[in-house]
Amino acid sequence: MKHAIPVGVRLLVVVAVAALGASIVGGQQPPAAASFTAAQAAQGRQIYDVSCAGCHRSDLGGGNEAPALSGVNFMTTWGTKPTRELAEFIQAAMPPGGPPLATEQVLALTAFILQTNGATPGQVPLAAGNTTPIGIAARAQAPAGAAPVAQAPAAPAPAAAAASLPPGRGLTVPGNIQNYVPVTDAMLRNPPAGDWLMIRRNYQAWSHSPLTEITPSNVGRLKIAWVWAMNEGGASEPTPIVHNGIIYLYNTGNIVQALDGRTGELLWENSVGPEAIIGQGAMRSMALYQNNLIVATTDARLVALDARTGKQVWNVMVADRAKGFSNSSGPIVIKGKVLQGLSGCDRFQADRCYISAFDAETGKLAWRFNTVAQAGETGGDTWGNQQNMFRKGGETWITGSYDPELDLTYWGIAQAKPWVPASRNMKTTDRALFTSSTVALRPDTGRLEWYFQHAPGESLDLDEVYERVLIDVGPRKFVFTIGKPGLLWKLDRQNGEFESIKETIFHNVFDRIDFESGELHYRQEIADAKVGEWVSACPSTEGGHNWHATSYHPGAGLLVIPLAQSCMEIAGRQVAFTEGSGGTAGDRKFFEMPGSNGNIGKLAAYDVNTMREVWSVQQRSPFLTSVLSTAGGLAFVGDLDRKFHAYDVRTGKSLWEARLGTSVQGFPVTFTVDGKQYVAVTTGLGGGSPRVVPRTIAPDVRYPQTGNALYVFTLEN
């Protein structure tokens, strides 16, 4: 079946308003004013806290892909639009990935947003179809003597952001794992074959296992051994961490569990808190070291739990959640130091983004590396004339990798914020270091040894933050990485020198790529784009590649990469340059990639010597897990359409698949218990562009809206 949509057809969630909005408008006559009651707004506050605050934050200040719903930036976008349009948008598109809200709930939410922006309640409830412009409604009903809404700060006092977060309940299921073996530095450098001790399994980020019991000849006998239902809500994208047959599992809402890998029995559980969905709610990984399981929380803390009992050992703050900071991927432990990234760095404020290192035994801060250069520092002259407070972005929301021989840790740095240069009062020629870069740091001190900037002046939310895969090719030591543009990079990992680049999907963002230096040149239309001007781009913010990690199979010499094929139009919004403002400030429209025949998902293998594509698989449904490869000759990966696949790693031939309860999302792993090999994968819901884009352009791919779970497979006897 052909699913291609003509390039001229632009799909955006907002477009759905035209159809779904009819259920609100319903032929009613618009009232003369945007009146609402106090009870209606209070109901809206309750709905907002449950369904909206996780992304838009409790203070309505917005975060990442969720825009501000109060203040100057909100009014710049919505002030001239009728109240009914906001209600229609909420009904058509919110909450992303969740069940649609009833009309009464939509109107209550709209009333709450109006109240937050200065309007006062009256005696008449807000009715469907109201045509009063939002800016006029708010100003006309503002309390006597209040400042006009247009002069309000872009976000309320930041302390409100953390005020309503429910705390964790601590150890909810006590336990005591017998015969636990401490995880040493030597084990992290050379993991036991049957364990999975960190995200992507080894320091080099290979997402590869040396286990060989399951092979192309017997994978057809793979059956479910057991299933564990997980916490619902938010984005579930975890890596099960496995040691000596014990699985450590991160649930949304910051709930950590220990399970028996053979039976699925719960051994202990700790609600480290807060029990809330913050941002997307995802936490992709944890780390084991000595007797501790080290957990990053979505409210930007690090917590060490005793891996045997689940009891808390120490608890430290990485960054202040009240200022909008968060985590979405966990730490890596290097020589007794816990290295942790940071998210939520898009607000205009004095604090900036960084990578941190903490003592693994005590949690004491050892060092920080700031990812955004300020005036007078190395790279500080690459931000144009921008004041330090307004230099934002540079998140490190994917865990880094480590080379023990060179003693260097490698991290990807996300793009500058806001997304579009015109929105941040900059140009594409302003490089904005160290955003969109690979950095190599000394793990003992955080000292920068080298950097390579992939996309100077990044302009389209096509960031380069993802996994850094460390591979020796003959005598040479390389670091491979691929980001949202779908360009596979090969760098010398000793000094950061460019080696080569490979285009993996169709793109039209850059009109020139220098294959000798790796220098990229934006299309002039993109470079010249002003605030409010739409430009088209392939790929979209779904990314040619996103957080779903690559796997390196050393026996085949192949990188197996999950890719995605979609396009967009994007326009930057006007942003107020005041403290507390900022954000991503971009509007997007998504459409299918030309030449893809409607196939969003692509899985492809590339030779690490030549960078040549060896094989590829394309399908309608996008792949939503990292790739797990094994020495048995298999590559496992899951997709939106509930299928968990096994492919021949050398040929791409499909060998086996299982249909699970909902979309397959997370980081599959394999491990052994008593010498028997198991494969584990999570099903999950929620997330950013990798979920939003397919929901917009491939609504025919359907899946249940519940079903977060861990599935464990083994060969039937």
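The following exercises, with worked solutions, concern a predicted model of a protein.

**Exercise 1. Overall build**

State how many helices and strands the protein has, and determine how its radius of gyration relates to the globule rule.

*Solution.* Step 1: the protein contains 11 helices and 41 strands. Step 2: its radius of gyration is 25 Å, close to the 27 Å given by the globule rule for 717 residues, so the protein is as compact as a globular protein of that length. Step 3: along the principal axes, the C-alpha atoms fill a box of roughly 75 × 55 × 55 Å.

**Exercise 2. Burial, contacts and surface**

Find what share of the residues is buried, and what share of the contacts between residues at least 6 apart in sequence joins residues at least 24 apart.

*Solution.* Step 1: of the 717 residues, 64% are buried. Step 2: for contacts between residues at least 6 apart in sequence, 64% join residues at least 24 apart. Step 3: the accessible surface amounts to about 24,200 Å², and carbon and sulfur atoms account for 51% of that area.

**Exercise 3. Charges**

Count the positive and negative side chains, and give the distance between the centres of the two sets.

*Solution.* Step 1: there are 59 positive and 62 negative side chains. Step 2: the centres of these two sets are 1 Å apart. Step 3: a search of the whole structure identifies 30 salt bridges.

**Exercise 4. The pair K417 and E395**

Establish which parts of the chain this salt bridge ties together, and whether its two residues are buried or exposed.

*Solution.* Step 1: the side chains of K417 and E395 form a salt bridge with an N to O distance of 2.6 Å. Step 2: K417 belongs to strand β19 (residues 416-417), whereas E395 lies in the loop between β16 (392-393) and β17 (401-403); the pair therefore ties together parts that are 22 residues apart in sequence. Step 3: buried means under 20% relative accessible area. K417, at 3%, is therefore buried, and E395, at 6%, is buried as well.

**Exercise 5. The pair D472 and R493**

Locate the two residues, classify their accessibility, and name the network to which they belong.

*Solution.* Step 1: a salt bridge joins the side chains of D472 and R493 (2.6 Å, N to O). Step 2: D472 is in strand β22 (residues 469-473) and R493 in the loop between β24 (487-492) and β25 (498-503), 21 residues apart. Step 3: D472 is partly exposed at 42% relative accessibility, while R493 is buried at 4%. Step 4: both residues are part of a network of salt bridges that links D403, E405, D472, K477 and R493.

Technical notes: Residues numbered from 1 in each chain as written. Predicted model: local features only at pLDDT ≥ 70, side-chain atom pairs only at ≥ 80, totals over all residues. Heavy atoms only, no water. Helix = DSSP H or I, 4+ residues; strand = E, 2+ residues; numbered from the N terminus. Rg over C-alpha atoms; globule rule 2.2 N^0.38 Å. Buried < 20%, exposed > 50% of the residue type's maximum accessible area, 1.4 Å probe, protein only. Contact = heavy atoms within 4.5 Å. Areas by Shrake-Rupley, 256 points an atom, 1.4 Å probe, with all protein chains shown as cover. Lys, Arg positive; Asp, Glu negative; His and termini not counted. Charge placed at Lys NZ, Arg CZ, Asp CG, Glu CD. Salt bridge = Lys/Arg side-chain N within 4 Å of Asp/Glu carboxyl O.
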